[in-house]
Amino acid sequence: MQPLSIILSIVFGALLAFFATISTILNYHWKQYELHPGKIKKLQRVYGVGAGILCATLTAFYLRIVLP
Amino acid sequence: MITLHPGETIVFETRRHWLPIAVEGIVLLIFALIPLALLVLPHVFPPEIQAVVARSRDLFFFGVSAWILFLWVVFFIAWTNYYLDIFIITEKRIIDIEQIGLFSRDVAESRLENVEDIRVQITGVVPSLLDFGNLHIQTAGVQREFLVSDIPEPDRVRDIIAKQHDLATQNALRAA
């Protein structure tokens with residue numbers, strides 16, 4: 001494995017771990033403290049769709065670099 | 001989560017004005033667009049940077065994706081802090097919830113009968129034009145003063161508190 005690929009794999013893993021942690025915390029807050037629970041579902045959808053697209057893009061470029 | 005007493009209903013609730021969160025969003029959007037400017041306006045940047053981007057395009061897009069993902073998360077953290085900051089007036093109490101950060105939350109409440117003075121403070125051109133400002137509520141309780149920052153239509157909120165205060169005082173006198 002190339003040194004760049006190793007560094008990139010570490011960065012990629014750290015980013016996903018950071019992102020998953022923050023998303024869990026945000027979801028906890030939204031569910032725990034929202035005054036009108038129905039309203040927060042729309043927000044969760046927007047956040048989820050945006051994050052999903054960005055994660056997919058990130059993974060795609062990671063694989064393009066790492067895979068031969 | 002706020003638990004209301006039996007028979008208690010929310011009369012009014014408000015959040016901070018939208019302007020501060022909009023400004024934060026615009027700043028983050030500008031930060032997100034900076035790396036994309038390398039593609040659209042390459043001549044603005046030094047030739048060395050252009051060469052690096054041209055040589056490793058996949059790496060560049062990987063970095064851009066990570067950067068935008070990071071900003072996306074930062075925006076939603078800011079938005080959560082904004083959204084969970086809420087000021088509530090019920091028939092019996094005023095409740096001020098301040099979400100300071102993801103792990104910092106301050107909830108203060110006072111019975112309406114304990115409200116003594118209400119002061120509205122609107123400072124600056126933009127707050128005057130868009131009608132938002134601070135509300136200082138002096139109470140007789142342990143938490144002497146409530147400061148509700150950047151709320152829209154503070155004069156209207158003051159009137160609602162004053163009206164609810166009168167009703168609560170009348171009810172307390174009737175019950176005594």
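B:Val23 counts as partly exposed, at 44% relative accessibility, and sits in helix 1 of chain B. This is a predicted model, so read the details below with that in mind. B:Val23 is one of the residues in a nonpolar surface patch that also takes in a residue of chain A, A:Phe18. From there we'll go through the patch, the salt bridges, the strands of chain B and two residues with odd backbone angles.

**The nonpolar patch**

- Here's the full membership: A:Phe18, B:Val23, B:Ile26, B:Val27, B:Ile30, B:Phe31, B:Ile34, B:Trp67 and B:Phe70, which together have about 780 Å² of accessible area.
- Helix 1 (18–40) of chain B and helix 3 of chain B are the elements that give two or more residues to the patch.
- Helix 1 of chain B puts in the largest share, with six residues.

**Salt bridges**

- Side chains of opposite charge can pair when their charged atoms come close.
- Over all chains, the count comes to eight salt bridges.
- One of them is between B:Asp58 and A:Arg64, with N to O at 3.3 Å.
- That pair crosses between chains, going from helix 3 (residues 57–83) of chain B, where B:Asp58 sits, to helix 2 (residues 40–66) of chain A, where you'll find A:Arg64.
- A:Arg64 has 56% relative accessibility, so it counts as exposed.
- Another salt bridge joins B:Arg93 and B:Glu8, at 2.9 Å from N to O.
- B:Arg93 belongs to strand 3 (residues 93–101) of chain B and B:Glu8 to the segment before strand 1 (10–15) of chain B, so this pair ties together parts that are 85 residues apart in sequence.
- Both partners are tucked away: B:Arg93 is buried at a relative accessible area of 3%, and B:Glu8 is buried too, at 5%.
- The pair also belongs to a network of salt bridges that links B:Glu8, B:Arg93 and B:Glu109.
- B:Glu153 and B:Arg156 make a salt bridge as well, their closest N and O atoms being 3.2 Å apart.
- Here the partners are partly exposed, with B:Glu153 at 36% relative accessibility and B:Arg156 at 41%.

**Strand 2 of chain B and its neighbours**

- Five of the five residues in strand 2 (residues 86–90) of chain B are buried, so the rest of the structure largely encloses this strand.
- Both of its faces are covered: B:Ile86, B:Ile88 and B:Thr90 are buried on one side, and B:Phe87 and B:Ile89 on the other.
- Strand 1 of chain B pairs with strand 2 of chain B in the antiparallel sense, over five bridges.
- Within that pairing, B:Ile10 has B:Thr90 of strand 2 as its bridge partner.
- Strand 3 of chain B also runs antiparallel to strand 2 of chain B, and four bridges join the two.
- B:Phe87 stands opposite B:Asp96, which is in strand 3 of chain B.
- The connection from strand 2 to strand 3 of chain B is a hairpin that goes through two residues.

**The three-stranded sheet of chain B**

- Chain B has an open sheet of three strands, in the order 5-6-7, with antiparallel pairing.
- Strand 5 (115–121) and strand 7 (145–152) of chain B are the edge strands, and each pairs on one side only.
- From one strand to the next, the twist averages 20°.
- Strand 6 (residues 132–139) and strand 7 of chain B pair over six bridges, in the antiparallel sense.
- B:Ile137 stands opposite B:Phe146, which lies in strand 7 of chain B.
- Helix 5 (residues 154–175) of chain B lies across strand 5, strand 6 and strand 7 of chain B, and runs at about 170° to strand 5.

**Two positive phi angles**

- B:Asp131 isn't a glycine, but has a positive phi of about 55°.
- You'll find B:Asp131 in the loop between helix 4 (125–130) and strand 6 of chain B, and it counts as partly exposed at 30% relative accessibility.
- B:Asp150 isn't a glycine either, and has a positive phi of about 50°.
- B:Asp150 is placed in strand 7 of chain B, and at 25% relative accessibility it counts as partly exposed.

Technical notes
Residues are numbered from 1 along each chain as its sequence is written. Chains are lettered from A and ligands numbered from 1 in the order in which they are written. This is a predicted model: local features need pLDDT of at least 70, side-chain atom pairs count only at pLDDT 80 or more; totals for chains, interfaces and linings use all residues. Side-chain values use heavy atoms; hydrogens and water are left out. Two strands pair if DSSP finds at least two bridges between them. Axes are lines fitted to C-alpha atoms, for helices over the stretch in contact, and angles run from 0 to 180 degrees between N-to-C directions. Contact means heavy atoms within 4.5 Å. A salt bridge is a side-chain nitrogen of Lys or Arg within 4 Å of a carboxyl oxygen of Asp or Glu. Buried means under 20% relative accessible area, exposed over 50%, partly exposed in between (1.4 Å probe, protein chains only). Patches are made of residues with over 30% relative accessible area and no salt bridge: like charges are joined within 9 Å, nonpolar side chains (Val, Leu, Ile, Met, Phe, Trp, Tyr) within 5 Å. Accessible areas come from the Shrake-Rupley method with a 1.4 Å probe; for residues, only the protein chains shown count as cover.
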